[in-house]
Amino acid sequence: MMKRESAALILALAMTGMSTAQMPTGGAPSGGAPAMPNSFDASGSAAKPQSNDPAHQGETPNPQLLGVEMPLMDPSTDTVKYNGGIFDVGNNAAVRARFEKYLQQVPDDSSESKRYRALIKDMLKQTQRAGRDKNYAVGGDVLIKVGRGLYKASEYPGDGNQSGALASAIVSALDVQRDSLTRERDNEKLEKEMNSLVKQADEWQNHNVARKSALSAGANQGGNGKKNAGRSDSGGDLNALRIAQYIKTAAKKESTQAANLATSESAKIASKLNYQAMLVALLFSRRFDHVVIGSRVYRHIFRDGDTTLNLDKDSKAHEVFSGGVGLPPTVNSIDSIASNMRREVDQSIQSVYGMLARNKLAEATQQLIAAVAIGEYMQSVATFPADARQRIAQFWTLRKRALTALNARDYATVEDVAAKMKEMDVDFDDSMLLSYTTGKKRQSDLAIRNARKALSKGDEEGFNKYITEAGIIWPRNPNLDKGTELLEKFDAGDPVKEEFVRLYDGKEFRRIAREREHYKIVAMDPELAKKYEEVISLVMRMDGMLEQIKGVAEQDATLGPCMAYEKLVEWQKSDENFANDTEMTLVLKDFESKAHDFVQALRDGDACEKRGEYGSALSCYYRAQCKYMQSTLAREGIKRVTDVIVKATY
Amino acid sequence: MARRARKGSKKKGKQNLMPVFIGIGAIVVLALILGSGVLKKGSSARGLEPTPNFRIAEYRQDGSRFASSGNVYVFDGRVENIETVGNARLVSISIPDNPDERLPLLVPGDVKLRVNLTRGDRFIFETTCRTGKTGDGKQVKGVLIVKNVETR
């Protein structure tokens, strides 16, 4: 039974009305970009693009029915395999277009439509009743009513003349039946004529035999007998010719009878095939009401009781229509499938109402797509209310935008749209969508990071490679602009480089550090990168030292400035870069003013020393030491001058 | 009436102030005597007295100015530090009431002192300011060289 149900789904093929011209899903985008999925399967993976590539050529072909390949639908992925390609039912251009058209249509509640549906309903009822009446004969009232009803229904534009086609098929089959009946009657007449001829031939034959017997008896009696013998011979020849003529005529009639029989049989077979093809075509075009009507009147048209479908026993179609139980497929199988489809569609529409009531727009949309795809011409679908269509249309538009954005690899928009869909339907499962976009965004960002790294090493080729990769993965990645900006800077980096070198040579490290973002671009040159790093780390180190010395100096208002001054002088003496640092010199000046007496004493000592005033110099250094006992500069001055004084002669 | 009376009293006042002036004069004389006694307190046992008007600040600026021949400077100071280099010693002393100053005094090795210099004690230093020379001919100006040291 389940197999029969899946067969019904498989036959939903017709719903799509697909042709080989339709694009299979997951086509590889141009430019060598990685294939973007159009949908996601149940496992969370993007649906793999499968099309007419040789890898799929070796797969088992779809079953065929009456020479037509049947698309196979995979309910787990909402895809249909047809003509070597995989089609996403929810994202197929034809399905999309048809579904969108349906959503925008006004429910068909016109009087014409109602009359049409009433006609169809009436025919369904009559055929159902006729099905129960075993004494129903060809040309019966119901069959005539059905034929008339179908012709009348074909006047409704929405019917697409399917009713007319079925009516014509019925009439055509009936004509064949009528012709066969006529030929049967002709054969009966021929049979009678042949029997008459045979009878006459037999009579003449008997007559000849009697005459021959009489003549042979006269010859035995004398001369008169010889005379009569000559006459009797000529009469016998005449009878023989007559008998031959009768036999020839009878043979002709027999061959005519055989030809009539053969013509009737072949016409019946052709008529059956045509009628069965019509039923299958109606099934494919989702005219399930017509299929049911046509199937039910079948046994009343072809009254030989043979409803077997003419299918190859080894074909999958045979298996599908036979329900997998090994019995030959019949017209009743088609009837059963069509009836199931009608039930499925009605149930789908009922579930859509329920889902809309619970605001489950995603599921309602999926159900409505299935219902429209399968039973677009059914009453429950055609009369689906406009406001409900509008709600689903809004959600469908977002879904379409998400897919379009996904195809365009605009992941930010995908996330934005997914959020809106989530707002409309809190149960909407956006996890697969978001995990996919997040993954792609990360890939793109990683490529940009690699591009930056490459550029920092001066590897322009590597930069181009990674930035292209990042762009392909996520063309609208906002960080791509930064990468481009970086490249532009790199291209226009020479003046900045020159400026940097000039400042570096002029020891203007503070300025470089202040405008570090401006000069950062020079780091793309490996040699300048070292200098850039050196400058930044030096300035940071000096800033740290200054902060530290200021903090310590603040702890003692008297000795602190002396200590700080001496430390700063010591640093500036130890490193030329410190001596050239404007900030450190400013701080030094500040402490110099705060420790004026101490600094003045040291300076006086130094000045006196230079003038040879060693006595005075020593006195100055002593004074400095008095101001700051731990002074290294004072201690060193004292030692230096003492040595000179002591070693001199007076 | 009042004016006349005032004139009269002024004349009379002048006559009465004479003994007052005499008294003040006596006090001044007494003060001078006592003051000289006080000043003599900084002098050595031999009677060496610190050189007045010696300003260390001036010495720090230009020591060679004090190196005129024959100038002797006497200081009453406390030994703050003694640096011995070979036989010579460099003594730094602090002058009373001037704790932020140190005066460096060279005690050459050939000068035999009669007192033992100890850190923290006060002495009377008799010095001369001289200019010396180093081995490479460099002038060493304004160095105070101790000639004699006495206890107070």
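This report describes a two-chain predicted model, its confidence, its fold elements, its cores and the contact between its chains.

Residues are numbered from 1 along each chain as its sequence is written, while chains are lettered from A and ligands numbered from 1 in the order in which they are written. Since the model is predicted, local features need a pLDDT of at least 70 and side-chain atom pairs count only at pLDDT 80 or more, whereas totals for chains, interfaces and linings use all residues.

**Confidence**

The model scores ipTM 0.73 and pTM 0.45. The pLDDT, which is the predictor's confidence in each residue on a scale from 0 to 100, averages 79 in chain A, where 77% of the residues score at least 70. Within chain A, confidence is lowest in helix H2 (residues 13-16), at a mean of 40, and highest in helix H25 (residues 596-611), at 94. Chain B averages a pLDDT of 78, with 75% of its residues at 70 or above. The table lists stretches with pLDDT below 50; contacts join residues whose C-beta atoms, placed from the backbone, lie within 7 Å.

| Stretch | Contacts in the model |
|---|---|
| Chain A, residues 1-59 | 118 contacts beyond four places in sequence |
| Chain A, residues 64-71 | 24 contacts beyond four places in sequence |
| Chain B, residues 1-13 | zero contacts beyond near neighbours in sequence |
| Chain B, residues 33-41 | zero contacts beyond near neighbours in sequence |

**Elements and burial**

Helices (H or I, at least four residues) and strands (E, at least two) are DSSP runs, numbered from the N terminus. Chain A holds 27 helices and five strands, and chain B has three helices and five strands, its elements running α-α-α-β-β-β-β-β from the N terminus on. A residue is called buried if 20 or more other C-beta atoms lie within 10 Å of its own, exposed if 12 or fewer, and partly exposed in between, with C-beta atoms placed from the backbone. By that criterion, buried residues make up 35% of the 650 residues in chain A and 24% of the 152 residues in chain B. Among contacts between residues at least 6 apart in sequence, 64% join residues at least 24 apart in chain A, and 55% do so in chain B.

**Helix H14 and the cores**

In helix H14 of chain A, the buried residues are A:Tyr411, A:Val414, A:Val417, A:Ala418 and A:Met421. Seen down the axis of H14(A), these residues fall within an arc of 115° and so line one face of the helix, the arc being that of the directions from the helix axis to the C-beta atoms. They pack against helix H13 (386-407) and helix H15 (431-456) of chain A.

A nonpolar core is a set of buried Ala, Val, Leu, Ile, Met, Phe, Trp, Tyr and Cys residues joined through C-beta atoms within 7 Å. The largest has 89 residues, of which A:Ala402, A:Tyr621, A:Ile645, B:Leu105 and B:Phe125 touch the most other members. A second, separate core of 60 residues includes A:Ala173, A:Ile301, A:Met355 and A:Ile369.

**Where the chains meet**

In the model, 31 residues of chain B are in contact with 20 residues of chain A. On the side of chain B that touches chain A, at least two residues each come from helix H3 (56-61), strand S1 (72-85), strand S2 (88-95), strand S3 (98-107), strand S4 (122-133) and strand S5 (139-151), and S5(B) supplies the largest share, seven residues. That side divides into 12 nonpolar, nine polar and 10 charged residues, where Ala, Val, Leu, Ile, Met, Phe, Trp, Tyr, Cys and Pro count as nonpolar, Asp, Glu, Lys and Arg as charged, and the others, Gly among them, as polar.

Note on methods. Two residues are in contact if their C-beta atoms, placed from the backbone, lie within 7 Å.
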